[in-house]
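The following exercises treat a protein–DNA assembly. Each task sentence is followed by a solution in steps.

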Protein chains: 2
Amino acid sequence: MSIAKRRLSPEASRGMALAAARDLLIESGPQSVTLKAVAGRIGRTHANLLHHFGSASGLQKALAAYLSDEVCGVIAQAIMKTRSGEGTVRDIVDLTFDAFDKQGAAALWSWMMLTGNEDALDPIVDAIHALVDDIGEGGHEDHEMHEDTLALVLMALGDALIGERLSGSLDLARNSARDMAERQLGHALERWQQEHEA
Amino acid sequence: MSIAKRRLSPEASRGMALAAARDLLIESGPQSVTLKAVAGRIGRTHANLLHHFGSASGLQKALAAYLSDEVCGVIAQAIMKTRSGEGTVRDIVDLTFDAFDKQGAAALWSWMMLTGNEDALDPIVDAIHALVDDIGEGGHEDHEMHEDTLALVLMALGDALIGERLSGSLDLARNSARDMAERQLGHALERWQQEHEA
DNA sequence: TTTGCTATTGACATTTATGTAAGTAACCTT
DNA sequence: AAGGTTACTTACATAAATGTCAATAGCAAA
């Protein structure tokens, strides 16, 4: 009696579902990422998602890993370009801030905190750690660099959540936080440079 | 057939409910702040909360206003002490960070973002704005001070959400973000001082 | 073509949060 | 002490999210 649709490979099916979940997260927030909504976006049923991900929290974990790779990949690429002289410090800042804002990392983190799904945070932390390894690849990985990275990520996350409302209330430009982060990171990079020469 | 409990004034009832909601928010996250859970904490029924707050989102808004006043009141007090020489810069930083972490402001903001209840954010923004007015009360309210305030709040929010996980992953002390904020705010205060004298 | 595997579906069950309505009883006023 | 106001409760209704299970059917291999 059922009208089964075209069969996809498990990988393809999971990939479409995760992309749809990411879009839903960015557009409408974590609460809108339900099995029914995600399934509807890719023309499937919620039972189908349960088949592929096992449970709703399984989908959450998979989405966290998916988003982390995507986000950190973009940022790592920008850092590489900067190191080779092709990009600017501002590029790193913008990409990091965009990752949390437009790419949904901030919304995801809120969701994980809300649902108390701590396991799902692991892939994000791992991805950021890998990102730091990338930055310090030139054999230069010290305490201060880790601190500056922490500051950059914290400000990016905070800005994604309340930047718009708060900067407006304080009569500041929307990109004030990015400007500050750029100045800070610029100083940090100069410092690293000097230490590297010494 | 009903065993009606002792009648409280609407104000007392609302106050107990809001305190219980705050505790629940801090202990178990936004998702645990339901009508049933809050009512259970104060020995009432969920219908009673609907009677006092009109709806679930009415409770959310009331909680936002309640938390904002509480949090910003504490911070404003610390700033006053610092201005009069009784407190340190570190006190301001610690109180701000605690407000978002231990007092639940970060969880509240995540909740508002999650539920898309933008109206509920108004009292928080207003409270922070009032806080800035307090800081600049000595007739000293300029662009840079607003920027430094923004940076402090953003880092406090980010640290409350991911500070523990991230600092651990980067082999940093849990209070690294607070140390950085303290240094930044210290420099800013010195700068204000110099400009004030000039 | 036939057979096996499994992606996919529809129907049902469960849980939980929110909301409505009517009745009960506590407290204040007169 | 009587009566009115309303805080409070129980019972019911509704909607949405998650999960289970058997049945169907697409696709590849034999």
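**Exercise 1.** How far is a phosphate oxygen of DNA strand C from an N or O atom in the side chain of A:Arg44? Place this contact among the others made with the strand.

*Solution.* The model is a predicted one.

Step 1. The separation between the side-chain N or O atom of A:Arg44 and a phosphate oxygen of DNA strand C is 2.4 Å.

Step 2. Backbone atoms also reach phosphate oxygens of this strand: a polar backbone atom of A:Leu8 is 3.1 Å from one, and a polar backbone atom of A:Thr45 is 3.2 Å from one.

Step 3. The elements giving two or more residues to the surface near DNA strand C are α1 (10–28) and α3 (46–53) of chain A, together with α3 (46–53) of chain B. The largest share, 4 residues, comes from α3(A).

**Exercise 2.** Describe the protein surroundings of DNA strand C as a whole.

*Solution.*

Step 1. DNA strand C is surrounded by 26 residues, and the closest are A:Arg7, A:Arg44, A:His51, A:His52 and B:Ala56.

Step 2. By residue class, this surface divides into 9 nonpolar, 10 polar and 7 charged residues.

Step 3. Sugar or phosphate accounts for 68% of the strand atoms within 4 Å of the protein, and bases supply the rest.

**Exercise 3.** Which residues are the closest to DNA strand D, and which of its atoms take part in polar contacts?

*Solution.*

Step 1. The closest residues to DNA strand D are A:Ala56, B:Arg7, B:Arg44, B:His51 and B:His52, out of 26 that surround the strand.

Step 2. A base nitrogen of DNA strand D is contacted by the side chain of A:Arg7, with an N or O atom at 2.9 Å.

Step 3. Phosphate oxygens of DNA strand D are approached from both chains: a backbone N or O atom of A:Leu35 lies 3.0 Å from one, and a polar side-chain atom of B:Thr45 lies 3.2 Å from one.

Step 4. Two or more residues each come from α3 of chain A and from α1 (10–28) and α3 of chain B. Of these elements, α3(B) gives the largest share, 4 residues.

Step 5. The surface near DNA strand D holds 9 nonpolar, 10 polar and 7 charged residues. Among strand atoms within 4 Å of the protein, 69% belong to sugar or phosphate and the rest to bases.

**Exercise 4.** What operation lays chain B on chain A?

*Solution.*

Step 1. A turn of 180° with a shift of 0.0 Å along the axis superposes chain B on chain A with an RMSD of 0.1 Å.

Step 2. This is the relation of a two-fold axis.

Step 3. Of the interface residues of chain B, 98% are also interface residues in chain A, so the copies meet through the same surface.

**Exercise 5.** Characterise the fold of chain A and locate its annotated domain.

*Solution.*

Step 1. Chain A has 9 helices and 0 strands. Its C-alpha atoms fill a box of roughly 75 × 40 × 30 Å along the principal axes.

Step 2. Of the 198 residues in chain A, 50% are buried. Among contacts with a separation of 6 or more, 68% join residues 24 or more positions apart.

Step 3. An unreviewed UniProt entry annotates residues 11–71 of chain A as "domain: HTH tetR-type". This span is 80% helix and 0% strand, and its end C-alpha atoms lie 20 Å apart.

Definitions and conventions: Residues are numbered from 1 along each chain as its sequence is written. Chains are lettered from A and ligands numbered from 1 in the order in which they are written. This is a predicted model: local features need pLDDT of at least 70, side-chain atom pairs count only at pLDDT 80 or more; totals for chains, interfaces and linings use all residues. Side-chain values use heavy atoms; hydrogens and water are left out. A residue is near a molecule or strand if one of its heavy atoms lies within 4 Å of it. A polar contact is a pair of N or O atoms within 3.5 Å; within protein, one must be able to donate a hydrogen and the other to accept it, and residues adjacent in sequence count only if both atoms are side-chain atoms. Ala, Val, Leu, Ile, Met, Phe, Trp, Tyr, Cys and Pro count as nonpolar, Asp, Glu, Lys and Arg as charged, and the others, Gly among them, as polar. Copies are superposed by least squares on the C-alpha atoms of residues with pLDDT of at least 70 in both. Contact means heavy atoms within 4.5 Å. UniProt positions are given in the numbering used here, feature names are shortened, and annotations may be inferred rather than shown by experiment. Buried means under 20% relative accessible area, exposed over 50%, partly exposed in between (1.4 Å probe, protein chains only).
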